[in-house]
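Open the model in your viewer and set the cartoon representation. The stops below say what to select and what is there.

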Amino acid sequence: MSTFLQALAQANAIYVRQKFEIAEIFGFETRNRYQIQTEDGQQFGYCAEPKVGFGDAIMRQFFGHWRVFNIVGTDMDNQQVFRAHHPFRWFFQRLDVFGAGDRPVGSLQQRFVWLNKKFDFLDTRGRVIMTMTSPFWKIWTFPIQKNGRDVSIIEKKWSGLSKEIFTDADNFRVRFTDGKLTADERLLLLAGAVFIDLLYFETKAS
């Protein structure tokens, strides 16, 4: 098992910290890039949209999170450990998650709900294995349940006054409250923090 997966398996909580980009102060959307850290601040991984050229930069400005893109996760040796693919969607966003060697892990699928926020975690057969439902008044808290039990909670953390006002660089804590979560479920929950950022906190998210 890679050091990345070991750290993920052993953690009670992890932080997903979006990297700040100067260009965002001026309203220019940049590649999504995140550091992945343990609870004590030790970085053990990284995930980002790959650089794919000028055309992608233009698409990012006009289509935000609706466009097609990938987010690649690597360990500290720059070895790929997972990939998340976002297909083009006008409505009900989706993120398909793959492990090392592009092994299918599962998907995250946004669902329709009045006022509240909701998406499902799906296995490789499309079956719902976990759900996230958050009332509209809890704008920074995203509880996850499995079989009616709380198993994790993703929380947006304060990023500092200048970042909160002038950019969409966000920090998230993923707490694993069920010790029986599998490696794939933990990987989906990590992807869940990125999905929440794309859905609810990107400048063009709506």
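Two strands count as paired if DSSP finds at least two bridges between them. With that cut-off, select β11 and strand β12 (residues 171-176): the two pair in the antiparallel sense over six bridges. Keep in mind throughout that this is a predicted model.

**Whole chain**

Zoom out before going on. The chain holds four helices and 12 strands. Of its 206 residues, 52% are buried. Colour by accessibility: the accessible surface comes to about 10300 Å², and carbon and sulfur atoms own 56% of that. Now turn on contacts with a separation of 6 or more. Residues 24 or more positions apart account for 43% of them.

**Stop 1: β10, β11 and β12**

Return to β11, which covers residues 149-157. Add strand β10 (residues 141-146). Six bridges join β10 to β11, and the two run antiparallel. Show sticks for Ile144: Ser152 in β11 stands opposite. Next, go to the turn. The hairpin of β10 and β11 has two residues between the strands, and Asn147 takes a positive phi near 55 degrees. Now look at the β12 side of β11. Select Ile154 and find Val174 in β12 standing opposite.

**Stop 2: β6, β7 and β8**

Select strand β7, residues 104-110. How many of its seven residues are buried? Six are, which leaves the strand mostly covered.

Add strand β6 (residues 94-99). β6 and β7 pair in the antiparallel sense over five bridges. Pick Arg94; its bridge partner in β7 is Gln109. Four residues lie between the strands of this hairpin, and one to click is Gly101, with a positive phi near 70 degrees.

Then add strand β8 (residues 117-122). Four bridges join β7 to β8, again with an antiparallel run. Gln110 has Phe119 in β8 as its bridge partner. The hairpin of β7 and β8 has six residues between the strands. In that turn, check Leu115: its phi is positive, at about 70 degrees.

While the side chains are on, recall the general pattern. In a regular strand, side chains alternate between the two faces of the sheet.

**Stop 3: helix α1**

Select helix α1, residues 3-10. Phe4, Ala7 and Leu8 are buried here. Look down the axis of α1: its buried residues fall within an arc of 100 degrees, so they line one face of the helix. Rotate to the face turned away from that buried side. Thr3 and Gln10 are there, both exposed.

**Stop 4: α1 against α4**

Add helix α4 (residues 183-201). Where do the two axes go? They come within 10 Å and cross at roughly 90 degrees. That makes α1 roughly perpendicular to α4. Show side chains at the crossing: Phe4, Leu8, Ala9 and Gln10 in α1 meet Arg186, Leu187 and Leu190 in α4.

**Stop 5: Leu181**

Step back to the loop between β12 and α4 and select Leu181. Is Leu181 buried or exposed? The cut-off for buried is under 20% relative accessible area. At 8% relative accessibility, Leu181 therefore counts as buried.

Draw a C-alpha to C-alpha distance from Leu181 to Ala9. It reads 8.7 Å, though the two are 172 residues apart in sequence. Finally, show the contacts of Leu181, leaving aside neighbours within four places in sequence. These are Met130, Val151, Phe176, Arg186 and Leu189. Arg186 has appeared on the tour already, among the α4 residues that α1 meets.

Conventions:
Residues numbered from 1 in each chain as written. Predicted model: local features only at pLDDT ≥ 70, side-chain atom pairs only at ≥ 80, totals over all residues. Heavy atoms only, no water. Buried < 20%, exposed > 50% of the residue type's maximum accessible area, 1.4 Å probe, protein only. Contact = heavy atoms within 4.5 Å. Areas by Shrake-Rupley, 256 points an atom, 1.4 Å probe, with all protein chains shown as cover. Arc of directions from axis to C-beta. Axes fitted to C-alpha atoms, helices over the stretch in contact; angles between N-to-C directions. Parallel < 35°, antiparallel > 145°, perpendicular 65-115°, else oblique.
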